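Trainee: Could you give me a close account of one part of this model, together with the parts of the chain that bear on it?

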Amino acid sequence: MAENKTQTEITMLTIKQAASLVQGLTEYRVRELCKTGELPCFKAGKKYLINKDILYKFLSGELDDK
């Protein structure tokens, strides 16, 4: 029997990649948002990784304040 599994692709971005997606958003600002915890992300070694979908939700104001 073949199983039908829907796979969700998760795209993670570095600070540089996140800043390049949005005109006017600098790497410095993305880094500050990560450091202060305003933008949900996690640190892998020395790099901050940001979920692409969460970045778009954050920028559109769809994320709830905690």
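Mentor: What follows begins with the chain as a whole and then turns to the third helix and its surroundings.

The model is predicted, so local features are described only at pLDDT of at least 70 and side-chain atom pairs only at 80 or more, whereas totals for chains, interfaces and linings use all residues. Numbering starts from 1 along each chain as its sequence is written, and side-chain values use heavy atoms, without hydrogens and water.

The protein chain contains 3 helices and 3 strands (DSSP runs numbered from the N terminus, with at least four residues of H or I for a helix and at least two of E for a strand). Along the sequence their order is β-α-α-β-β-α. Of the 66 residues in the protein chain, 21% are buried (under 20% relative accessible area, with exposed over 50% and partly exposed in between, for a 1.4 Å probe and protein chains only).

Helix H3 spans residues 52-60, and strand E3 covers residues 47-51. Asn51 belongs to that strand, and its relative accessibility of 16% is why Asn51 counts as buried. The side chain of Asn51 is concerned with the start of H3, where one of its oxygens comes to within 2.8 Å of the backbone nitrogen of Asp53. A further contact runs from the Asn51 side chain to the backbone nitrogen of Ile54, at 3.1 Å. Polar contacts here are pairs of N or O atoms within 3.5 Å, one able to donate a hydrogen and the other to accept it; neighbours in sequence count only through two side-chain atoms. Just after H3, Gly61 adopts a positive phi of about 80 degrees.

Within H3 itself, Tyr56 deserves attention. Its relative accessibility is 38%, so Tyr56 counts as partly exposed. Together with Leu21 and Leu59, Tyr56 makes a nonpolar surface patch of about 250 Å². A patch joins Val, Leu, Ile, Met, Phe, Trp or Tyr side chains within 5 Å, or like charges within 9 Å, from residues with over 30% relative accessible area and no salt bridge (a Lys or Arg side-chain nitrogen within 4 Å of an Asp or Glu carboxyl oxygen); areas are Shrake-Rupley values.

The patch leads from H3 to helix H1, where Leu21 lies. Leu21 has a relative accessible area of 38% and is therefore partly exposed. Leu21 and Leu55 are 34 residues apart in sequence, and their C-alpha atoms are 9.9 Å apart in space.

Helix H1, made of residues 15-21, also holds Ala19. Ala19 counts as buried because its relative accessibility is 8%. From Ala19 one may pass to Arg31: 12 residues separate them in sequence, and 9.4 Å separates their C-alpha atoms. Helix H2 comprises residues 27-36 and includes Val30. With a relative accessible area of 0%, Val30 is buried. The C-alpha atoms of Val30 and Ile15 are separated by 6.2 Å, although the two residues are 15 apart along the chain. Lys35 also lies in H2, but at 52% relative accessibility Lys35 counts as exposed. Helix H2 thus holds both a buried residue, Val30, and an exposed one, Lys35.

How values were computed:
Accessible areas come from the Shrake-Rupley method with a 1.4 Å probe; for residues, only the protein chains shown count as cover.
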